[in-house]
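Biologist: I should like to learn how the features of a structural model are read. Please give the general idea each time and then the case at hand.

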Amino acid sequence: MPPLCCLDAVVYFFDVQQPYDIPPRHGGERQKTQNKQKTPTSSTLFGSYFRGVPGLFIMKCSSQEWLKGMALLYLSHTVVSMVVPNSTHFEALLEKYLEGGEEELWAPRPRGRRAITDSDMQSILDLHNKLRGQVYPQASNMEHMVWDTELERTAESWAETCLWEHGPAGLLPQIGQNLGVHYGRYRPPTSHVQSWYNEVKDYTFPYPQDCNPYCPFHCTGPICTHYTQLVWATSSRIGCAINLCYNMNVWGHVLPKALYLVCNYSPKGNWWGSAPYKHGTPCSACPPSYGGGCRENLCYKDDGVNTDYPPEETEESNYIEPEPPRTQEPRPRTESPTELPYEDLERNEVVSTRQMSQLVTCETKLRDKCKGTTCNRYECPAGCFNRDNGKVIGTVYYEMQSSICRAGLHYGVIDNEGGWLDVTRQGRQEYFIKSNKHGIQSLGKYQSANAFTLSKVTVKAITCETTVAELCPFQKPASHCPRLYCPSHCLQENPHSARVIGTITYSDISSICRAAVHAGVIQDQSGGYIDVMPVDNRRYYIATYQNGISSESLQNPPGGKAFRVFAVI
């Protein structure tokens, strides 16, 4: 049975994935079966992925002969894209895997020689953990992935065969495997990892109510099993190898010099009838062996070896426009203040203009703004009554293809003058009801799909001592904090009764307004409006001195939640 694979878009970049496995029943042996994928046609497979793309990606699916024919058909139409006039970057990449000259390429690798560079190993591992921690819907049992040298060795052995298929056959029942090959202009190995994850756009996650008793596998694209293996919760170990292959035969087409990537996973994933992970609050269903540890939404075993702080946390609830990096540590007073004119060295003044609310158009669909994250607050423009500005599907519960702003008009949380609204994801709904409300006609849909609800953004004035813990703590399902107004001169408050714990991310027992001053979102002498975003537990809070406020550090707070604070401009 031929293995499955994925499709991407760069010069000579191929990816392959194993078929699903059926778990043994009543002590029987494991059986392999093809995914019940939607069979792609030539127009869907090549028309959408290759139109105008100066390169080549190919995929194996349910029929090896069919795919060979399709691959050759495509190759015959894209021969001009096989010429790479400038391969300087690619040659530089090859040099990392050619120590001692090409004549030694096929000689046995010296003992101790790694099958992958340390930098590539770390970048592949880091990207896997980053992508596993940001799945949507969120995973309650997603395990932190570690590097396994034995898996690396098995990947190395297979990569050295330069065979464009899964193997070795005797090992496949015990491991998962993703393959990729690259020929052409320079791309890092992580490009393959990202392309595997990008199959999420075609994959429909099976919620518990969909599994009776087996979970269905819904994939609207050519293949989704690279993605499901990558995010299979229990696949906690990975080992990869990269090998330079001369004249590598890929479905009858010979690549003169290609980099072959093999990644092996254990325990293996892609078991037929199972979901890749459990849906729920991150780390709420971790195996007992992790001892309750959680890091970046992943079940994490803290063995005490690495005591460094984790990397800066990624946004959990909203897309936030990036701002130029700035140091968070106090600068010595001996430095010339002309180096950073926006910083007052006496107070270590910093300014943040990051906003939580996103400005959208009348046509923007929630699906366009929520790709793997939970989105919160939007600002709609005026004049969205025009029926050409986007469709609305549903009543109260709106389908993800609905225009955000026109759904807000339909529900009555904004008027034609525009304004702010909050969005809450609600998971799958079985059907959506049509209605005419507030001059907007919505459509009906009698097919299950993900949904969202809307609410009006309220405004509340608070004191210098108000905390998120008492006002709007993080919880599931998500709730929204009102837009807040902070008074001036909170800097003068007693720091023992209005504490600030953390930097960028603050403990929810911190004073909201003093944290806003510390973050540079508002100025102490004027106060002003802010938005806050409650987030889940944090294991570390870092102390810094900013804008005249010394924040506190805190490690492993018992059951405490956290929040971020944002400017309103």
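Modeller: Let us begin with cavities. On a 1 Å grid over the protein atoms alone, a cavity is a set of points where a 1.4 Å probe fits but cannot get out, and its lining residues have an atom within 4 Å of a point. Grid points are joined across faces, edges and corners, and a volume is the space filled by probe spheres set on the points. Here the second largest cavity has a volume of about 70 Å³.

Biologist: What kind of model is this, and how are its residues numbered?

Modeller: The model is predicted, so local features need pLDDT of at least 70 and side-chain atom pairs count only at pLDDT 80 or more, while totals for chains, interfaces and linings use all residues. Residues are numbered from 1 along each chain as its sequence is written, and side-chain values use heavy atoms, with hydrogens and water left out.

Biologist: How many cavities of 30 Å³ or more does the structure hold?

Modeller: There are 6 of them. The second largest is lined by 10 residues, and those nearest its centre are Pro 189, His 192, Ile 242, Leu 259 and Leu 261.

Biologist: Which classes of residue make up that lining?

Modeller: Classes are assigned as follows: Ala, Val, Leu, Ile, Met, Phe, Trp, Tyr, Cys and Pro count as nonpolar, Asp, Glu, Lys and Arg as charged, and the others, Gly among them, as polar. For the second largest cavity the lining has 7 nonpolar, 2 polar and 1 charged residues. Strand β10 (residues 253-266) supplies the largest share of this lining, with 3 residues.

Biologist: How are helices and strands such as β10 identified?

Modeller: Both are DSSP runs numbered from the N terminus: helices are H or I with at least four residues, and strands are E with at least two. In this protein chain there are 11 helices and 30 strands.

Biologist: How is the length of a helix judged, with α4 as the case?

Modeller: The expected span is 1.5 Å times one less than the number of residues. Helix α4 (residues 118-133) has 16 residues and reaches 22 Å from its first C-alpha to its last, close to the expected 22 Å.

Biologist: Which residues of α4 are buried?

Modeller: Buried means under 20% relative accessible area, exposed over 50%, and partly exposed in between, with a 1.4 Å probe and protein chains only. In α4 the buried residues include Asp 120, Met 121, Ile 124, Leu 125 and Leu 127. Among the elements covering the buried residues of α4 are α6 (190-197), α7 (225-230), β9 (237-250) and β10. Over the protein chain, 52% of the 569 residues count as buried.

Biologist: How are contacts along the chain summarised?

Modeller: A contact means heavy atoms within 4.5 Å. Of the contacts in the protein chain with a separation of 6 or more, 73% are accounted for by residues 24 or more positions apart.

Biologist: How many disulfides are there?

Modeller: A disulfide is a pair of cysteine sulfur atoms within 2.5 Å. By this rule the count is 11. One of them joins Cys 211 and Cys 215, with sulfur atoms 2.1 Å apart; this link is right-handed, with 105 degrees about the S-S bond.

Biologist: Why do Cys 211 and Cys 215 count as buried?

Modeller: Cys 211 counts as buried because its relative accessibility is 19%, and Cys 215 because its value is 15%.

Biologist: Which parts of the chain does the disulfide of Cys 486 and Cys 513 link?

Modeller: The sulfur atoms of Cys 486 and Cys 513 lie 2.1 Å apart, and the link is left-handed, with -90 degrees about the S-S bond. The pair links distant parts of the chain: Cys 486 is in strand β22 and Cys 513 in helix α11 (residues 512-519), 27 residues apart. Cys 486 counts as buried because its relative accessibility is 0%.

Biologist: Where in the backbone should I look for a cis peptide bond or a positive phi?

Modeller: The peptide bond from Tyr 136 to Pro 137 is cis, with omega near 0 degrees, and Pro 137 is in the loop between α4 and β5. Asn 247 has a positive phi of about 55 degrees although it is not a glycine. Asn 247 is placed in strand β9 and is exposed, with a relative accessible area of 53%.

Terms used:
1 Å grid on protein atoms, 1.4 Å probe; cavity = no way out; pocket = protein on both sides within 12 Å on 5 of 7 lines; lining within 4 Å.
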